[in-house]
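Work through these exercises with the structure in view. Try each task before reading its solution.

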Amino acid sequence: MKVVNRGYIYVEPKQAFCDWAKQHDPEFDFDESDDLEGNLYLIEEDFFEYEPLIEAHFKKIMKNECLAVVDSDDEYPKPTLELFLEWFTIRIGSSVFDTQKTDLESDKL
């Protein structure tokens, strides 16, 4: 097993995001009780406080989460930290382990 030199922010939708998504995509038929799969965002490995990390990354994360539901930037509200925390449950960690033998691959979005 390998250790990856990244920490992570795990983002899971709350009911408020699900309600917004249902208004914009009729096929989004989920709610918070459906145990929705969240997304993992890799961040710098070394950090001491959570708040600066969330402040540094929440706009990019919120944009990515919203664009999974709508097609353009003008279809979702302006990202604010308050709205981000209302819409998503956040977990932060500093250890990422790779259990696979193959090399990591990435694509730039």
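**Exercise 1.** Leaving aside its neighbours within four places in sequence, which residues is M62 in contact with?

*Solution.* Note that this is a predicted model. Start by placing the residue: M62 is found in helix 2. Next, list its partners beyond the neighbours within four places in sequence: P79, T80, L83, F84, W87 and F88. Then check its accessibility. The relative accessibility of M62 is 0%, so M62 counts as buried, since buried means under 20%.

**Exercise 2.** Find the buried residues of helix 1 (residues 15-24) and say where they sit around the axis.

*Solution.* First, pick them out: F17, C18, W20 and A21 are buried. They cover an arc of only 165° around the axis, so they lie on the same side of helix 1. Now look for what covers them. The cover includes strand 2 (7-13), helix 2 (50-67), helix 3 (81-87) and strand 4 (88-93). Finish with W20. Not counting residues up to four places away in sequence, W20 touches C66, V69, V70, E75, Y76, P77 and W87.

**Exercise 3.** Describe the largest nonpolar core.

*Solution.* Begin with the count: this core has 26 residues. F17, W20 and F84 have the most contacts inside it. Next, trace where its residues come from. Strand 2, helix 1, strand 3 (39-43), helix 2, helix 3 and strand 4 each give two or more residues. Helix 2 provides the largest share, 6 residues. A general tendency fits here: in soluble globular proteins, nonpolar side chains tend to be buried together.

**Exercise 4.** How many salt bridges are there, and which parts do they tie together?

*Solution.* The count comes to 3 salt bridges. Take them in turn.

- D98 and K2 meet at 3.8 Å, N to O. D98 lies in strand 5 and K2 in strand 1 (residues 2-4), so this pair ties together parts 96 residues apart in sequence. D98 counts as buried at 10% relative accessibility, whereas K2 is partly exposed at 35%.
- R91 and E12 meet at 3.7 Å, N to O. R91 belongs to strand 4 and E12 to strand 2, so parts 79 residues apart in sequence are tied together. R91 is partly exposed, at 42% relative accessibility.
- K63 and D73 have their closest N and O atoms 3.6 Å apart. K63 lies in helix 2 and D73 in the loop between helix 2 and helix 3, so the pair ties together parts 10 residues apart in sequence.

**Exercise 5.** Which residues form a nonpolar patch on the surface?

*Solution.* The patch consists of M1, V3 and F97. Together they have about 390 Å² of accessible area. To locate F97, look in strand 5 (residues 96-98).

Definitions and conventions:
Residues are numbered from 1 along each chain as its sequence is written. This is a predicted model: local features need pLDDT of at least 70, side-chain atom pairs count only at pLDDT 80 or more; totals for chains, interfaces and linings use all residues. Side-chain values use heavy atoms; hydrogens and water are left out. Buried means under 20% relative accessible area, exposed over 50%, partly exposed in between (1.4 Å probe, protein chains only). Helices (H or I, at least four residues) and strands (E, at least two) are DSSP runs, numbered from the N terminus. The arc is that of the directions from the helix axis to the C-beta atoms. Contact means heavy atoms within 4.5 Å. Patches are made of residues with over 30% relative accessible area and no salt bridge: like charges are joined within 9 Å, nonpolar side chains (Val, Leu, Ile, Met, Phe, Trp, Tyr) within 5 Å. Accessible areas come from the Shrake-Rupley method with a 1.4 Å probe; for residues, only the protein chains shown count as cover. A salt bridge is a side-chain nitrogen of Lys or Arg within 4 Å of a carboxyl oxygen of Asp or Glu. A nonpolar core is a set of buried Ala, Val, Leu, Ile, Met, Phe, Trp, Tyr and Cys residues joined through side-chain atoms within 4.5 Å.
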